[in-house]
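User: Hi, I'm new to reading protein structures. Could you walk me through this one, with a question here and there?

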Amino acid sequence: MEEQSIQRLIAWGKFQGAALPEGVSFEYSDRKGIRCVCEKSLSSPYLTIPDDLIISGKLIPLEFPEADHKRGNTWLKFLLAKMKFGGEECNSDLSEKFRPYLDCLPKIVDCPLVWNPRELSHLAGTNLGSSVRPKLKDILTEWYRFVKENEVTEEAAVSSDCSFYKDYGQLSDESIFRWLVEPLSNGSTLQWSSASAFLWSHLILLSRAFPHYIIDQNVDQASLMLLPIIDLLNHDYHSKVEWGFNEGQFSFKKLDSIEEDAELCNNYGCKGNEELLSGYGFVLEENPFDFVALKIKLPLETITTILKEEPTLKIPTLDDYTNFAFEKQSQNLPNKPEASVFEDGIVYFINKLNASCLDPLLNMFAYLCRGNSEWHSLASKFNGLQNLRNALESKLAAAKSFSSQRDDCSIDSSKYEVNSYRRHCARIYRDGQLSVLKDGLKKLKAMEKTWLTEYKDRLLTVKKITKYDKGFFGEELPAYFESIDRKQDDVVFENNFELLVIWILIKIENNSFIEKHDWVSEQYRNFLIDAKNEDITSDRMDPSIESFRRRMINGTTQTDRTITLKKIVHTFDFVQKNSFTRISSSNPDTIMVRN
Ligand SMILES: C[S@@+](CC[C@H](N)C(=O)[O-])C[C@H]1O[C@@H](n2cnc3c(N)ncnc32)[C@H](O)[C@@H]1O
């Protein structure tokens, strides 16, 4: 960026009525692009720009008289692209009027949507890495539908892009990069209605637009506007700022004072590095607002049932979390979301600052593990917690497994260089994700420990059985093996789950539960009332039951054996539904739960 262009922009702004405090200047820095620096200490510096400098939906009809009010942001993207790249084709004087501003807009915003394939490999295993292609597809679909439905441009001008778009699913990352992004970075003159120009516009709005409703409460909540000069301020989440609109002037005020040589910053909101990198192309080290998004995909019927019957199981929408002006839901959306809103999955965000962010997730996992019981039952709660732990563990493993990997060797490294800043961003982002996941796992482990203590009277482990029901391991189990002509030492139990199954089977047969364990017998009998009519056929047998059966009853000479296949199947089912297994520990431990 040339110094001259920046000064031209500032002079132009002032000429058009922008008011900047005495003692601030704008300069270019490699890391942050243009920045605003205070040449002396200032108390609550204040900047204003007149309405006339704002690029919003109200300018659209000047260039596109046929534009409707729907899809205002898409029109705005085409308008911006036409102003920037349209040259003579621009009918209005907007291109000329805003030229100093347009000249200072970055050629490229550093977000992963424009990273080359080798750079992208540095995001492998992360949410951001896997979101690049679908996001690009969404942007291109927005462009494609628009050029097809509106006669904004000659068909010939976009026919090659349309062909690329139709083949999108088959294109490699390299072909997409060469088609869409290279024209931007080469600085070649773009056709204003092209897919690349649209992508540029999209990224410019994503990284610097403000919500239009700040200045006009009647517009759609999702509408965007550009505020030249105000949008030169970089982000600092410590910065206390106030935005306002009064008597046709947009104002930015820093609420506290600022030291000499310090940078005057805006505050883009409490954004984690995933939002910052994907929307703005930068990251902050040790970002306290870092979050990890966890997506749960459920069948539509399940979501419909939850929305109808489980009001306490709150399903979050993007609006519950986002700070992006860009992703605000349109105000036309109903307050109570339809199941179809979650068709692509329910997204939960976890971060370190919000201690209760795991609660809705725990509830959802408990619901999904509830089996025949209530989702708030203790067994569901514990199972939910275990499954959530597993989900976080596998996300952590995916993010970790790529952290040692440098570049994707399958990509010809001579063709693409890895920009050192992008490499840095990918590393900081990934480290942040790992740190949030580890923190989430730590919280879950602590929660599990608390629950294990709190509910210890309702939990039964094999260890407790060994301690209190001495007769079982001392007499009943050996007697059972004797009755089936097996040596106890020859029979191997795969895990504690199987031990619980055989314990219940034998205790029921012998009617010998000790008083302390009477609840197991009662819970089991109640369970059988519902289960006894179910047919059991050995051709659909779960392999683990089949293996258990072979070890416990098969091959015996006992003809009147009382532990039947049906009883084994029911008891497996019973233990499954009335226990949870602490899978993450090195030795999985199944624990029975009293209702
Ligand atoms: C609204 S613009 C701010 C002005 C911008 N520096 C420019 O050159 O036009 C947002 C862009 O500024 C840069 N930026 C803002 N805050 C930053 C920060 N704290 N660290 C690094 N880059 C930052 C990013 O490139 C981002 O996309």
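Below we go through the domains, the helix pairs and the sheets, one question at a time.

User: First off, how is this thing divided, and how many ångströms separate the centres of domain 2 and domain 4?

Analyst: Keep in mind that we're looking at a predicted model. The domain assignment gives domain 1 (3-53 + 227-273), domain 2 (57-214), domain 3 (290-454) and domain 4 (458-593). Taken over C-alpha atoms, the centres of domain 2 and domain 4 are separated by 64 Å.

User: On to helices. Are α3 and α10 roughly parallel or roughly perpendicular to each other?

Analyst: Let's look at the axes of α3 (residues 72-85) and α10 (residues 195-208), which come within 8 Å and cross at roughly 110°. Angles of 65 to 115 degrees count as roughly perpendicular. So α3 and α10 are roughly perpendicular.

User: Is that crossing of α3 and α10 left-handed or right-handed, and how many nonpolar residues are in the contact?

Analyst: As α3 passes α10, the crossing is right-handed. On the α3 side you'll find Leu-76, Lys-77, Leu-80, Ala-81 and Phe-85, and they meet α10 residues including Phe-198, Trp-200 and His-202. Sorted by class, the contact of α3 with α10 has one charged, two polar and nine nonpolar residues.

User: What about α14 and α15: roughly parallel or roughly antiparallel?

Analyst: Helix α14 covers residues 378-401 and helix α15 covers residues 420-454; their axes come within 10 Å and cross at roughly 160°. Anything over 145 degrees counts as roughly antiparallel. That's why α14 and α15 are roughly antiparallel.

User: Which way is the crossing of α14 and α15 handed, and how many charged residues does their contact have?

Analyst: The crossing of α14 and α15 is left-handed. Among the residues making the contact are Arg-389, Glu-393 and Lys-395 of α14, along with Arg-430, Lys-438 and Glu-448 of α15. The contact of α14 with α15 divides into twelve nonpolar residues, two polar ones and, for the count you asked about, seven charged.

User: Helix α15 meets α11 too, right? Are those two roughly parallel or roughly antiparallel?

Analyst: The axes of α11 (residues 273-280) and α15 come within 9 Å and cross at roughly 150°. The cut-off for antiparallel is over 145 degrees. Therefore α11 and α15 are roughly antiparallel.

User: Which residues of α15 make the contact with α11?

Analyst: Here α11 passes α15 in a left-handed crossing. From α11 come Asn-273, Glu-274 and Leu-277, and from α15 come Cys-425, Ile-428, Tyr-429 and Gly-432.

User: Time for sheets. In the open sheet with the order β3-β7-β6, which are the edge strands?

Analyst: This sheet has three strands with antiparallel pairing, in the order β3-β7-β6. Neighbouring strands are turned by 15° against each other on average, direction ignored. An edge strand pairs on one side only, and here that goes for β3 (46-50) and β6 (241-246).

User: What is the bridge partner of Trp-243 in β7?

Analyst: Strand β6 runs antiparallel to β7 (residues 249-254), and six bridges join them. In β7, the partner of Trp-243 is Phe-252.

User: And which residue in β12 stands opposite Ser-579?

Analyst: That takes us to an open sheet of three strands in the order β10-β12-β11, with antiparallel pairing. Its edge strands are β10 (459-460) and β11 (579-582). Four bridges join β11 to β12 (residues 589-593). Opposite Ser-579, in β12, stands Met-592.

User: Last one: which helix lies across β11 and β12?

Analyst: Strands β11 and β12 run antiparallel. The helix lying across them covers residues 496-510 and runs at about 40° to β12; its name is α18.

How values were computed:
Residues are numbered from 1 along each chain as its sequence is written. This is a predicted model: local features need pLDDT of at least 70, side-chain atom pairs count only at pLDDT 80 or more; totals for chains, interfaces and linings use all residues. Axes are lines fitted to C-alpha atoms, for helices over the stretch in contact, and angles run from 0 to 180 degrees between N-to-C directions. Angles under 35 degrees count as roughly parallel, over 145 as roughly antiparallel, 65 to 115 as roughly perpendicular and the rest as oblique. A crossing is left-handed if the near helix is turned anticlockwise from the far one by less than a right angle, and right-handed if clockwise. Two residues are in contact if their C-beta atoms, placed from the backbone, lie within 7 Å. Ala, Val, Leu, Ile, Met, Phe, Trp, Tyr, Cys and Pro count as nonpolar, Asp, Glu, Lys and Arg as charged, and the others, Gly among them, as polar. Domain bounds come from an automatic or database domain assignment. Two strands pair if DSSP finds at least two bridges between them.
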